[in-house]
Amino acid sequence: MSTLNVGKGISFHYRDSGPVESADYTTLVIVHGHTFHSGIFKRLLPLARAHSLRLICVSRREYEGSTPYSAEELKVINHGSDEERARWLQNQGVLLALFVDGLIQKLSLTQAGGVAMAGWSMGNIFSLAFLASIDILPEEVKERLKAYVRVFILWDPPAQVLGADIPEGSYVPLWDEELPPEARSPTFVKWCASYFTHGDTASRDFSVLNHRTPDADKKATIETMTHEELFSVADFGPGDKCDTILAEPVFGKVHADQVQKALFDKAIRESWGGLKIWHMYGEANSWPGIYSAWVLEKMVTSQLDVSFKPIEGANHFLMWDEPEKALIVLKECVAL
């Protein structure tokens, strides 16, 4: 793993698949989600070059050697007002933008193939913050990012990340009061790593989504991992400390406002130029990953072009269960 210092006492650890011989390869930066850090993408790394991709998988703050949050930041995350939380999240977007800009310079990334940014799962909170930060960056950084970043991918974002109102009757183990508090996180991890068969999703009817009953004939991804593998890709500490709350209703307005700015604000869109936006999701995901696509479909206007890519048979951990398939789909998204 490598480390990049972005200033302000903040460093990010990241995994890098390495240079590609092609002069027009694309660099794909991926931001991970809840519990599973950048290690969850490690099966993609040795396969990336064959697809003319350079993968850089960053570990967010609080994970795997990246700079932890300060006591003041943790106070804002857990107890701050909407305004304080919005400022904190905006700052995380700036730090991520400085990270990508630092990579462009440190690694001499090719401009021909450009850079794509992808958030996976709850990591979309931070990739959207990156997108929204363009208008407050130093001019030199702004111009460099605009010249390099061509594609933005929302990969399996849960609906909560979009600030969506969740219909009554939904179920997520993290908030199951019938479970002991200590059982909620491990139950959630197995739940989101499972495979689900839903009803007729073309109906866009919330009642057809399967909330509680994973496919019995297909193991959850974590059940296929050895103990050593699981703990090489997951850290169960940050959840209760600062991550789980980001998907709770108290952050709903912050996320909704951020989505409006990142995706629909005219000045932000103009600052990025002709950015291509994708929403890709596995059709065997737990319900939040399906519902988020429906939410975004309703939000999209004629002023914003978003391409949707449902992935047949894929659960939330395509990168682990079928890494070659994951790369094929990602390559299709970054192809210009």
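**Sheet, core and helices in a predicted model**

Me: In this predicted model, which residue in strand 6 does Ala 118 stand opposite?
Reply: Strand 5 (residues 115–120) pairs with strand 6 (residues 149–155) in the parallel sense, over 6 bridges. Within strand 6, the residue that stands opposite Ala 118 is Ile 153.

Me: Over how many bridges do strand 6 and strand 7 pair, and which residue in strand 7 is the bridge partner of Phe 152?
Reply: Strand 6 and strand 7 (residues 276–282) pair in the parallel sense over 5 bridges. Trp 155 stands opposite Met 280 in strand 7, while the bridge partner of Phe 152 in that strand is Ile 277.

Me: How many residues of strand 6 are buried?
Reply: In the sheet order 1-2-4-3-5-6-7-8, strand 6 comes between strand 5 and strand 7. Strand 6 is mostly covered, and of its 7 residues the number buried is 6.

Me: Which strands stand at the edges of the sheet?
Reply: The sheet is an open one formed by 8 strands, and its pairing is mixed. Two of the strands have a single partner strand each, so one side of each is left without a neighbour in the sheet, and these are strand 1 (2–7) and strand 8 (306–311).

Me: At about what angle does helix 12 run to strand 6?
Reply: Helix 3 (residues 124–132) packs on the sheet, touching strand 3 (26–31), strand 5 and strand 6, and its direction makes about 150° with that of strand 6. Helix 12 (residues 323–334) lies across several strands, among them strand 4 (53–58) and strand 8, and its angle to strand 6 is about 135°.

Me: Which helix gives the largest share of the largest nonpolar core?
Reply: The largest nonpolar core has 122 residues, and those touching the most other members are Phe 36, Ile 40, Phe 99, Leu 145 and Ile 153. The largest share of this core, 11 residues, comes from helix 2 (residues 82–106). Leaving aside neighbours within four places in sequence, Leu 145 is in contact with residues including Ala 97, Val 100, Phe 130 and Trp 272. The helix asked for is helix 2.

Me: Why do the buried residues of helix 5 line one face, and within what arc do they fall?
Reply: Helix 5 (residues 181–192) reaches 17 Å from its first C-alpha to its last, close to the 16 Å expected. Its buried residues are Ser 185, Phe 188, Val 189, Trp 191 and Cys 192, and what covers them includes helix 10 (287–299). Seen down the axis of helix 5, these buried residues line one face because they fall within an arc of 165°.

Notes. Residues are numbered from 1 along each chain as its sequence is written. This is a predicted model: local features need pLDDT of at least 70, side-chain atom pairs count only at pLDDT 80 or more; totals for chains, interfaces and linings use all residues. Side-chain values use heavy atoms; hydrogens and water are left out. A nonpolar core is a set of buried Ala, Val, Leu, Ile, Met, Phe, Trp, Tyr and Cys residues joined through side-chain atoms within 4.5 Å. Buried means under 20% relative accessible area, exposed over 50%, partly exposed in between (1.4 Å probe, protein chains only). Helices (H or I, at least four residues) and strands (E, at least two) are DSSP runs, numbered from the N terminus. Contact means heavy atoms within 4.5 Å. The expected span of a helix is 1.5 Å times one less than its number of residues. The arc is that of the directions from the helix axis to the C-beta atoms. Two strands pair if DSSP finds at least two bridges between them. Axes are lines fitted to C-alpha atoms, for helices over the stretch in contact, and angles run from 0 to 180 degrees between N-to-C directions.
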